[in-house]
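Visitor: Please take me through one part of this model at close range. Start there, then work outward.

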Amino acid sequence: DGGTIFLDEVGELSPDTQVALLRVLQEREIERVGGRQPIPVDVRIVAATNRDLKAAVADGIFRQDLFYRLNVFPIEVPPLRERKDDLLMLVEYFVQRYAKRAGKNIRSIDKRALALLQSYDWPGNIRELQNIIERSVILSSGGEFSVDESWLSKETFPPALTIEASVRSKSAVEQRGERDIIEAVLVETRGRVWGPSGAAAKLGIPPSTLDHRIKALRINKKQFKYP
């Protein structure tokens, strides 16, 4: 009691888990697995998500009552691509963190590596940065941190084929090109639209917009969900 619980990726909760969490927030009680006796709790909830929860509520994916229970004091953190000034601080922090974990002594950061990281758009946000740095630290053999450029995704999509909300003004050729782009990204994400590694994040558009275009183009997302 009196502590803080951090719930990451709350937008990915299943409907059943959303109901359970809402009950805890409303009743301020929990039950142990296999238990029958409710246990009163007094904790502060901090929840985080990469989803647009308002759009998820509108689409019926996220419960409206749970959204308002959680949305007491919202703090919006811009994606990494919009705060490049923070990159050096984050790189230094993660390099030292993973170097300590790996038992390595990395004393400096290669200027070319830093310039490469600063020029990248980071579609996977902080998690992608962490993964790149951890991999680089593990493979490093000296005291200077460097990055293999091939590890950074080079996928870009031409502005002429940007996904738009309106379909009526598009010609058949334009729609065909748009469909090819969406399907190519869905293949890569295995049909996943939402989340930091989803198709919407890779295309740089809101997930609700991409869902709308998928429905308009009659693309079957399920065909891309292979094991």
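Guide: Start at Asp85, in the loop between H3 and H4. The model is predicted: local features need pLDDT of at least 70, side-chain atom pairs count only at pLDDT 80 or more, and totals for chains, interfaces and linings use all residues. Numbering runs from 1 along each chain as its sequence is written, and side-chain values use heavy atoms, with hydrogens and water left out. Helices (DSSP runs of H or I, at least four residues) and strands (E, at least two) are numbered from the N terminus.

Asp85 is exposed, with a relative accessible area of 76%. Exposed means over 50%, buried under 20%, partly exposed in between (1.4 Å probe, protein chains only). The C-alpha of Asp85 lies 8.8 Å from that of Gln118. In sequence, 33 residues separate Asp85 and Gln118.

Pro79 sits in the loop between H3 and H4 too. Its relative accessibility is 22%, so Pro79 counts as partly exposed. Pro79 also has a partner far along the chain: Asn125, 46 residues away. Their C-alpha atoms are separated by 6.2 Å.

Asn125 leads into helix H6 (125–139). It is one of the buried residues of H6. The others are Glu128, Leu129, Gln130, Ile132, Ile133, Ser136 and Val137. What do these buried residues pack against? They pack against helix H4 (87–102), helix H5 (111–119) and strand S6 (144–145). Contact here means heavy atoms within 4.5 Å.

The length of H6 checks out. Its 15 residues should span 21 Å at 1.5 Å a residue, and its end C-alpha atoms are 22 Å apart, which agrees. The expected span is 1.5 Å times one less than the number of residues.

Look next at Ser136, within H6. At 3% relative accessibility, Ser136 is buried. Leaving aside residues up to four places away in sequence, Ser136 touches Phe145, Ser146, Val147 and Trp151.

Just before H6 comes Trp122, in the loop between H5 and H6. Trp122 is buried, at 0% relative accessibility. Its phi is positive, about 55 degrees, although Trp122 is not a glycine. Most residues other than glycine have a negative phi. Arg218 also has a positive phi, near 55 degrees, and is not a glycine. Arg218 belongs to the segment after helix H9 (207–216). Arg218 is exposed, at a relative accessible area of 75%.

H6 also supplies at least two residues of the lining of the largest pocket. So do H1 (15–27), S4 (44–47), H2 (53–58), H3 (64–70) and H8 (199–203). A pocket is an open set of points on a 1 Å grid over the protein atoms alone, where a 1.4 Å probe fits, with protein on both sides within 12 Å along at least five of seven lines; lining residues have an atom within 4 Å of a point. The volume is about 2000 Å³, taken as the space filled by probe spheres set on the points. The lining holds 50 residues. Closest to the pocket centre are Ala48, Thr49, Asn50, Arg51 and Ile75. By class, the lining has 28 nonpolar, eight polar and 14 charged residues. Charged means Asp, Glu, Lys and Arg; nonpolar means Ala, Val, Leu, Ile, Met, Phe, Trp, Tyr, Cys and Pro; the others, Gly among them, are polar.

Now the whole chain. It has nine helices and six strands. Of its 227 residues, 32% are buried. Among contacts with a separation of 6 or more, 66% join residues 24 or more positions apart.
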